[in-house]
Amino acid sequence: EKADTGKGYAAKITQGRVEKGRMTADKQAEILNRIQATGSLDDLKGCDPIIEAVFEDMGVKKLVFTQLDAVAKTGAILASNTSTLDLNAIAAFTKRPADVIGLHFFSPANVMKLLEVVRGAQTSKEVLATALALGKKIKKTCVVSGVCDGFIGNRMLDPYMRQAAFLVDEGASPAQVDKAMERFGMNM
C-alpha cells in the first residue's frame, strides 16, 4: 500500500511537470513505467544502488539494513537517507560496511538541489565516487560529509535558528527575520 502511494506521488509530480510544459506525456509514461511498486524486499535483489528512506529511528534502520544486507546482490551500494543518525552504526548492521553510504536528500527531494553524501568510516572510495556520480547525474549539488551530529545542513541549522530567536527576542517579528533570511538566500 505504501509502495503504491509512493508511485502515486511520482505520478503527481510528473503530471505537474507535464502540465507546466517541462515534460512530455511520453516522457512521463516512460518514467512511471520504470517504477515498480513493491512491498517485498526480495524484489530488490538485482538493484544497485538501494536507497533507504524510512523513519529516523535506529531500530527501524537496523531492521531495514539487516534485511537489505540479506537480499541485496554482492557489491550493491546500500544508501541511507538519514539526516541525523550515525551512519557507522547503520553500516554495522550489515556484513558490508564498505558498501554503505549516506545520501541525505533534502525535502522535497524532487525540488531541492542539495545532496549530502555521508562517508562512513569504512565506506569505500569506489562507493563514494559512485554516489557522487549518481548525484551529478540527477543534477544535485553534492557535498561530502563525515559522520558527525547533523552532518552539514542540520548542523548549520542550530546556530542560525539561535540567532533568529535572538533577533525576535530583540524585537524583530518572525516574518521580518524570515524575509531577511530569504533575501540572504535561505529559501527554507
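How many residues does helix α5 have, and how far does α5 reach from its first C-alpha to its last? I started my notebook here. The model is predicted.

**Entry: helix α5**

I looked up residues 125-137 and found 13 residues in α5. The helix reaches 18 Å from its first C-alpha to its last, close to the 18 Å expected at 1.5 Å a residue.

Next I looked up burial. Val127, Leu128, Ala131 and Gly135 are buried in α5. Seen down the axis of α5, these buried residues fall within an arc of 100°, so they line one face of the helix. I noted the background: an α-helix has 3.6 residues a turn, so residues three or four places apart point the same way.

Which exposed residues sit on the face of α5 turned away from its buried side? I listed Lys125, Glu126, Lys136 and Lys137.

I then checked what covers the buried residues of α5. The cover includes the strands β3 (100-105), β4 (114-118) and β5 (141-145).

**Entry: after α5**

I moved on past the helix. Lys139 follows α5, and its phi is positive, near 65°. Lys140 is in the loop between α5 and β5.

Is Lys140 buried or exposed? I found Lys140 buried, yet without a salt bridge. The nearest side chain of opposite charge is that of Glu116, 13 Å away. I did find a backbone partner: a polar atom of the Lys140 side chain lies 2.5 Å from the backbone oxygen of Met112. Leaving aside residues up to four places away in sequence, Lys140 touches Phe105, Ala109, Met112, Lys113, Leu115 and Gly135. I had already met Gly135 as a buried residue of α5.

**Entry: helix α3**

I turned to residues 58-71. Helix α3 has 14 residues. It reaches 20 Å between its first and last C-alpha, close to the 20 Å expected at 1.5 Å a residue. At the start of α3, a side-chain oxygen of Asp57 comes to within 2.9 Å of the backbone nitrogen of Gly59.

I wrote down the buried residues of α3: Lys61, Val64, Phe65, Leu68, Asp69 and Val71. What covers them includes β1 (50-52), β2 (78-80), α4 and β3.

**Entry: Thr94**

Where is Thr94 placed? I found Thr94 in the loop between α4 (87-91) and β3. At 10% relative accessibility, Thr94 counts as buried, because the cut-off for buried is under 20%. Its side chain reaches the backbone oxygen of Ala91 at 2.7 Å.

Not counting residues up to four places away in sequence, Thr94 touches Phe65, Asp69, Leu78 and Val100. I recognised Phe65 and Asp69 from the buried residues of α3.

Notes: Residues numbered from 1 in each chain as written. Predicted model: local features only at pLDDT ≥ 70, side-chain atom pairs only at ≥ 80, totals over all residues. Heavy atoms only, no water. Helix = DSSP H or I, 4+ residues; strand = E, 2+ residues; numbered from the N terminus. Expected span 1.5 Å × (residues − 1). Buried < 20%, exposed > 50% of the residue type's maximum accessible area, 1.4 Å probe, protein only. Arc of directions from axis to C-beta. Contact = heavy atoms within 4.5 Å. Lys, Arg positive; Asp, Glu negative; His and termini not counted. Salt bridge = Lys/Arg side-chain N within 4 Å of Asp/Glu carboxyl O. Polar contact = N/O pair within 3.5 Å; in protein donor to acceptor, adjacent residues only side chain to side chain.
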